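Please load the structure in a viewer and keep the selection panel at hand. The stops below are given in the order in which they may be selected.

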Amino acid sequence: MNLVVFDIGGTSVKYGLYQDGSIEKKSSFATPKTWDEMKENLYQVFKELSDADTKGVAISSPGAVDTEEGVIKGLSAIPYIHRFKIVDELEALFGLPVAIENDANCAGLAESKFGIGQDSKNALYFIIGSGIGGAVCQNGQLYKGSSLFGGEFGYMIIENGKTLSTLASPVQVADRYAKAHGLTDFSGKDLFDLADNGNEEAKAALAGLYDALATGIFNCLVSFNPDLVGIGGGISVRPDLVSELDKRIQKLIHDTEANELTYELKICQFKNDANLLGAVSNFLNTK
């Protein structure tokens with residue numbers, strides 16, 4: 001069996017062919033400006049990759065995906081994919097079953113089926129980028145909640161009405177630092193580089209990021225009591241990330257006297273292929 005797989009993003013659409021347990025023939029195209037153009041591009045890729053053994057199409061997408069209705073709700077950088085029967089339309093286009101799931105949920109599913117969460121019964125995944133996405137996986141299955149907000153950790157209020165996404169996204173922290181210091185073209189990587197070179201203000205900004213992220217993780221630990229917390233996104237390449245978070249989480253455990261609380265904190269295994277592999281996992285779970 002093989003599947004044609006797409007990871008729809010705000011600037012590009014990645015794709016590949018899943019067969020024999022891996023993603024092959026990977027490439028991408030720029031995200032089109034209209035739905036008609038998107039369908040045309042998707043179908044062209046499908047024709048190139050599919051064959052008689054192709055059993056369906058697996059898709060990772062932004063937005064709140066209602067898998068029962070086959071509709072993408074919420075908001076994203078691609079407004080034309082929302083609030084219509086997108087699964088029905090794509091199944092008519094491809095002539096095969098189609099499964100769509102949210103991109104952060106796909107990242108969590110990839111780890112639960114193929115990566116660090118294979119042996120976990122209850123896992124949480126924090127996917128850190130321009131905001132904080134996440135996924136709750138129980139026995140390898142997504143828990144999405146009654147209104148599709150399960151795993152939306154970025155909405156969590158951390159301090160003085162500010163959310164986890166506001167306080168712990170490297171993109172947002174770097175933006176605030178740049179504005180405060182009159183800098184332009186300044187990224188999260190630039191902020192980390194400054195801190196690595198000893199800049200005290202940059203180090204303080206990152207300490208605040210780590211504090212907020214550790215607080216968010218701790219809140220989820222005492223809410224869900226998972227055996228595993230996975231961290232994904234660009235920040236996960238930092239060699240000191242786990243140690244910086246662990247020491248802060250341990251202090252929160254000590255300060256709250258939640259001394260019997262246990263957890264394991266790991267860096268997610270998959271990087272660029274996480275959403276593609278998660279889309280495959282979602283297809284295998286649902287079709």
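Begin with the largest pocket of this predicted model, whose lining comprises 41 residues. Select Asp103, Ala104, Ile127, Ile132 and Gly133, which lie nearest the centre of that pocket. Its volume is about 1100 Å³. To see which elements contribute, colour helix 3 (103-114), strand 8 (122-128), strand 9 (132-138), strand 13 (228-233) and helix 9 (274-286); each of them supplies at least two residues of the lining. Helix 3 gives the largest share, with four residues.

**The enclosed cavity**

Next, turn to the internal space. How many cavities of 30 Å³ or more does a search of the whole structure find? The search returns one, and the largest cavity holds about 70 Å³ of space. Select Gly63, Ala64, Val65, Glu101, Asn102, Asn105, Gly134, Lys144, Leu148, Gly150 and Glu152 to display the lining of this cavity. Strand 5 (64-66) and strand 7 are elements that each supply at least two of the lining residues.

**A salt bridge at the cavity lining**

Keep Glu101 and Lys144 selected, since both belong to the cavity lining. Their side chains also meet in a salt bridge, with an N to O distance of 2.9 Å. The pair links distant parts of the chain: Glu101 is in strand 7 (residues 98-102), whereas Lys144 is in the loop between strand 10 (141-142) and strand 11 (157-159), 43 residues apart. Are these partners buried or exposed? Glu101 is buried, because its relative accessibility of 2% is under the 20% limit. Lys144 is buried as well, with a relative accessible area of 14%.

**Further salt bridges**

The whole structure contains 15 salt bridges, and two others merit a selection here.

- Select Glu200 and Lys203, whose closest N and O atoms are 3.3 Å apart in a salt bridge. The two residues are three places apart in helix 7 (residues 200-224), so about one helical turn separates them. In an α-helix, residues three or four places apart point the same way because there are 3.6 residues a turn. Glu200 is exposed at 54% relative accessible area, while Lys203 is partly exposed at 38%.
- Select Asp240 and Arg238, whose side chains form a salt bridge at 3.6 Å, N to O. Asp240 is partly exposed, with 23% relative accessibility, and Arg238 is buried, with 16%. Then add Asp211, Glu244, Lys247 and Arg248, which are joined into one network by salt bridges that share partners.

**Helix 1 and its two sides**

Now select helix 1 (residues 35-49), a run of 15 residues. From its first C-alpha to its last it reaches 21 Å, close to the 21 Å expected at 1.5 Å a residue. Within this helix, highlight the buried residues Trp35, Met38, Leu42, Val45, Phe46 and Leu49. Rotate the view to look down the axis of helix 1: the buried residues fall within an arc of 105 degrees and therefore line one face of the helix.

What do the buried residues of helix 1 pack against? Show strand 1 (2-8), strand 2 (12-19), strand 3 (22-30), strand 4 (54-61) and helix 2 (86-94), as these are the elements they pack against. On the face of helix 1 turned away from the buried side, select the exposed residues Asp36, Glu40 and Glu48.

Gln44 is also located in helix 1 and is partly exposed, at 39% relative accessibility. Draw a distance from the C-alpha of Gln44 to that of Gly161: the two atoms are separated by 46 Å, and the residues are 117 apart along the chain.

**The loop after helix 7**

The tour ends at Asn225, in the loop between helix 7 and strand 13. Asn225 is exposed, because its relative accessibility of 51% is over the 50% limit. Which residues are in contact with Asn225, leaving aside its neighbours within four places in sequence? They are Cys220, Leu261 and Thr262. For Leu261, draw the C-alpha to C-alpha distance to Asn225: it is 7.8 Å, with their positions 36 residues apart in sequence counted as the separation.

Notes:
Residues numbered from 1 in each chain as written. Predicted model: local features only at pLDDT ≥ 70, side-chain atom pairs only at ≥ 80, totals over all residues. Heavy atoms only, no water. Salt bridge = Lys/Arg side-chain N within 4 Å of Asp/Glu carboxyl O. Buried < 20%, exposed > 50% of the residue type's maximum accessible area, 1.4 Å probe, protein only. Expected span 1.5 Å × (residues − 1). Arc of directions from axis to C-beta. Contact = heavy atoms within 4.5 Å. 1 Å grid on protein atoms, 1.4 Å probe; cavity = no way out; pocket = protein on both sides within 12 Å on 5 of 7 lines; lining within 4 Å. Points joined across faces, edges and corners; volume = space filled by probe spheres on them.
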